[in-house]
Amino acid sequence: MTKLLSGADLAAGIRADVKRQVVELKEHHIAPTLGIILATGDESAIWYVNSIKKAASSAGIAVQIHDLGSRASADELVAGVSRLADNSAVHGIIIQTPLPKGISIGDLSLRLPASKDIDGAGPLSAGRVTLGEPAFAPSTAEAVMELLHEYQVPLDGTHSLVVGRSSVVGKPVAQLLLQANATVTIAHSHTADVPSLARQADIVVVAIGKPGLIDSAYIKPGAIIIDVGTNPDAHGRLLGDVDAASVDGIAGALTPVPGGVGPVTTAILLRHVVEAAKRT
Ligand code: NAP
């Protein structure tokens, strides 16, 4: 049987810790506050922002959603981000994607001070993560590492394959695995024969956005599989990038979807807001 690496208890523990720290900060007259820049009508982005707001509120963190509208210009977005960057009452900032056509998150996140860049979106944060310097890594990448740590998965000397090379998941996860002394391979849509690469890996982290693509053909017996994929199906259910039924009994362990990386990511995002507030 493949062991399921649930993120539920880990996430609950982090949230409880965050809640305690929020109370302490408020005793020192600091009210941890997250500012979110939104400029899209995309339903899943709006759903995601509202879900963060709900989770933050239940931990006592205030959330300001600055909805600039899907027609916001580059100047309006820059002004919106700069206002939050200059506001000492706002401790963490998220620039929600997608952004209006022609506006790049890379350019806009140049306006984010690293001290408030709680989802590691900006080039300074990404650079510091790559250098192994203290920084906010993207929450999802950190969630993957926390899950591996929680379940005491040895990383040192392992061969770890990251499937996917996005800036929010694949690349930072690869950097963090490297810092944990894994030998890291990154696969993407141009990689030849991903299954045979994956069959050499002790740990496979999958973030591709292709429901059920990773099946038994990709798995070395006993390998640890972290499924980052969250793909809603026609019935609104969330599917992972891994075909859990196909890898069952072959993989040593697998994170479930839902209930694996997702809840830990949200909890870490809240933890980052509190850490940012503590530094003020
Ligand atoms: P993304 O920006 O679309 O990147 C997908 C990556 O997968 C790209 O690097 C792409 O390669 C690669 N890829 C696509 N098809 C492939 C294939 N057949 N074989 C190998 N590589 C392939 O996606 P993302 O933002 O990283 O998100 C990936 C998944 O994670 C999505 O399901 C998303 O919803 C989920 N996600 C979950 C969380 C969470 O907290 N649980 C957070 C963020 C994202 P190229 O670079 O060559 O195009």
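Which loop, between which helix and which strand, holds Asn181? In this predicted model, Asn181 occupies the loop that runs between helix H7 (170-179) and strand S6 (183-187). The legends below begin with the ligand and return to this residue in the last view.

**View 1. The residue shell around the ligand.** The ligand is surrounded by 21 residues, and those that come nearest are Arg165, Ser166, Ser189, Thr230 and Thr265. Sorted by class, the shell comprises 12 polar, seven nonpolar and two charged residues.

**View 2. Side-chain polar contacts to the ligand.** Two of the contacts shown involve oxygen atoms of the ligand. A polar atom in the side chain of Arg165 is placed 2.7 Å from a ligand oxygen atom. For Ser189, an N or O atom of the side chain is 2.6 Å from an oxygen atom of the ligand. The side chain of Lys210 faces a nitrogen atom instead: an N or O atom of this side chain and a nitrogen atom of the ligand are 3.0 Å apart. The ligand taken alone exposes 920 Å², of which the protein buries 69%.

**View 3. The cis peptide bond between Thr97 and Pro98.** Thr97 and Pro98 are joined by a peptide bond in the cis form, with omega at about 0°. Pro98 belongs to the loop that links strand S4 (92-95) and helix H4 (105-108).

**View 4. The cis peptide bond between Val257 and Pro258.** The bond from Val257 to Pro258 is likewise cis, and its omega is near 0°. Here the proline, Pro258, sits in the loop between strand S11 (253-254) and helix H10 (261-278).

**View 5. Positive phi at Gln152.** Gln152 is not a glycine, yet its phi is positive, at about 50°. This residue is located in the loop between helix H6 (139-150) and strand S5 (159-163). Is Gln152 buried or exposed? With a relative accessible area of 69%, Gln152 is exposed, because the cut-off for that class is over 50%.

**View 6. Positive phi at Asn181.** Asn181, also a residue other than glycine, has a positive phi near 70°. As stated at the outset, its loop lies between helix H7 (170-179) and strand S6 (183-187). The relative accessibility of Asn181 is 46%, so this residue counts as partly exposed.

Methods
Residues numbered from 1 in each chain as written. Predicted model: local features only at pLDDT ≥ 70, side-chain atom pairs only at ≥ 80, totals over all residues. Heavy atoms only, no water. Near = heavy atom within 4 Å. Polar contact = N/O pair within 3.5 Å; in protein donor to acceptor, adjacent residues only side chain to side chain. Areas by Shrake-Rupley, 256 points an atom, 1.4 Å probe, with all protein chains shown as cover. Nonpolar A, V, L, I, M, F, W, Y, C, P; charged D, E, K, R; others polar. Helix = DSSP H or I, 4+ residues; strand = E, 2+ residues; numbered from the N terminus. Buried < 20%, exposed > 50% of the residue type's maximum accessible area, 1.4 Å probe, protein only.
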